Amino acid sequence: MSENINKIINELHIYEKKLLKELEINENATPEEIAEHTGLNIKSVMSAAGSLSSKGLITVKKDLQEKFSLTDNGKKYAEIGLPERRILKVLQDRKQLAMKDLASLENLDKKEVNISIGWLIRKSWAKMDKGVLSITDVGESSRDKLGEDESLLNTLIEKVNLSKEQLDEDMAKGLSALKDRKNLIAEEKITHHSFKLNDLAKEILDSGFTIEEEATQLTHQQLKEGSWKDLKYRPYDINAEYPIFFPGKEHPLRRIIQEIREIFLNMGFTEDKGDYLESAFWNFDSLFQPQDHAAREMQDTFYIKNPLTCDLPDDELVENVARTHENGGNTGSEGWDYTWDVDIARQSVLRTHTTGISTQRLAEGNLPIKMFSIGRVFRRETFDYKHLPEFHQVEGLVAAPGINYQNLLGTLKEFYKKLGFEVRFRPAYFPYTYLSTECEIYLEEKESWIELGGCGMFRPEVLEPLGINTPALAFGLGIERLAMIRYDLSDIRMLYKSDISWLREVPLEEGIDFD
Ligand SMILES: N[C@@H](Cc1ccccc1)C(=O)O
């Protein structure tokens, strides 16, 4: 025996050996037959065949067979005739039929009548004129130019499970016409596999080999008696199929939030917390947002009934804010030039952003401050692929002498870089900052830029009434959109769907893909 043959035999898996032996006896055996004779399951037969074929020992042939049979509806028409033919029979007798005659035909419902009229005209069996159907010469002769008639249906019914090869040309034409009609013909595609031994396999079979059962599991008995020493063991098959398992894991949105938290902590920020329920005073007024500002409208903001109003901070602070709105107060600005209303400031809102936390901290006056805060915000948005009425923001505030706009851009650039995002900055407008900037990222799939969040240097109109005279940078960045991009979701709503299929496939840790 040549060394090469020997080597191939040694490397044969027991299933491959079984398959080869079986093909030696009957080369025409189907995979099902082989499975039955060898006691292997079909999957193992097919995987052994695949492996033998990749080693060049056998050739695997695939035959696709298309089979046709009649549906219940098809069977009915085979028996009583296609509806248009039933009308044709009446037409041949009466030559003309008005719509109301059609409606009263026996055995035909309204739907069938409508379908039939279409077919009668398409087959040129009848013409329709002013609601009257009249027979044509083709109709008189009942010639069916499509070749689809009951006789074909009858042929089909006789030969249930007809395969394509069994059809002559006319039948094939008729069948394809019938297939175009709804719910007459059922079609099934079956793939047949057959195997052929190549010369190398024959050589191997000629040189002979034995099929030794291989041990996969040891018994207590074998260990006790020592017979385990003489067993032939099945080698590990690292290519064997394995069950896919989905370990429990943190939701990706929670993970990115945690990552954001760690980044800011590492950059020397301290974490802060605010409340979902906020007074309009902190959410809007303290941010120099005039009381008739569009964002305050009912359609943009959720107002709360219970409690209907919130307490305001001490009078002096409220008074300072009021004056700044009305005439600029001590800021040198002209303010918004209207009469500020304390009742509007008392309204309870679900915070529309986390920026109210920043003004509250500034008002407390413990400077310098470098804080961030992560939490939900609420806006009356209409759902779409990039909008949710409830989402998370990370707010940031740095206030200390010497802080400037460059520090702001640098901080955000660094933050996004650490998260693995490349963003662009665009000039923007917020009533409470100057200079103001928006961060955007490019969405390949939508071929457009989407906004990730806003930032800027708080205006004197914000700082002065709070008693702050150092510069302060602030930012408020959306988190869901980051998750959407990170996890390649085409729709932000996926983050809140209970459909877990994509969640299952999200790798446990970034960069690790188990496929
Ligand atoms: N609050 C703004 C973002 C922002 C925060 C701080 C300063 C400037 C802008 C928003 O929600 O879009």
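**Briefing: strand pairing and the ligand shell**

Strand β11 (residues 390-399) pairs with β15 in the antiparallel sense, over seven bridges. The model is predicted. In the protein chain there are 22 helices and 15 strands, and 30% of its 515 residues count as buried. Of the contacts between residues at least 6 apart in sequence, 68% join residues at least 24 apart.

**Strand β15 and its partners**

- In the pairing of β11 with β15, G396 stands opposite F475.
- β14 is also paired with β15 in the antiparallel sense, here over five bridges.
- Within that second pairing, G454 is the residue opposite G476 of β15.
- β15 is mostly covered, seven of its seven residues being buried.
- From β15, A472, A474, G476 and G478 point one way, while L473, F475 and L477 point the other way; all are buried.

**Surroundings of the ligand**

- The residues around the ligand are H353, T355, F430, T433, G453, G454, C455, G456, A474, F475 and G476.
- Two elements, β14 (448-458) and β15 (472-478), each give two or more residues to this shell.
- β14 supplies the largest share of the shell, namely four residues.
- By class, the shell contains four nonpolar and seven polar residues, and no charged residues.
- G454 and G476, which stand opposite each other in the strand pairing, are both among the residues around the ligand.
- F475, the residue that G396 of β11 faces, also belongs to the ligand shell.

**Cis peptide bonds**

- The peptide bond from N306 to P307 is cis, with omega near 5°.
- P307 is located in the loop between α15 (280-283) and α16 (315-327).
- L367 and P368 are likewise joined by a cis peptide bond, for which omega is about -5°.
- P368 has its place in the loop between α18 (355-364) and β10 (369-378).

**Positive phi outside glycine**

- S124, a residue other than glycine, has a positive phi near 60°.
- The loop between α8 (110-122) and β3 (126-129) holds S124.
- S124 counts as partly exposed because it has 14 C-beta neighbours inside 10 Å.
- D337 is not a glycine either, yet its phi is positive, at about 60°.
- D337 lies in the loop between α16 and α17 (342-346).
- Because 10 other C-beta atoms lie within 10 Å of it, D337 is exposed.

Methods. Residues are numbered from 1 along each chain as its sequence is written. This is a predicted model: local features need pLDDT of at least 70, side-chain atom pairs count only at pLDDT 80 or more; totals for chains, interfaces and linings use all residues. A residue is buried if 20 or more other C-beta atoms lie within 10 Å of its own, exposed if 12 or fewer, and partly exposed in between; C-beta atoms are placed from the backbone. Two residues are in contact if their C-beta atoms, placed from the backbone, lie within 7 Å. A residue is near a molecule or strand if its C-beta atom, placed from the backbone, lies within 6 Å of it. Ala, Val, Leu, Ile, Met, Phe, Trp, Tyr, Cys and Pro count as nonpolar, Asp, Glu, Lys and Arg as charged, and the others, Gly among them, as polar. Two strands pair if DSSP finds at least two bridges between them.
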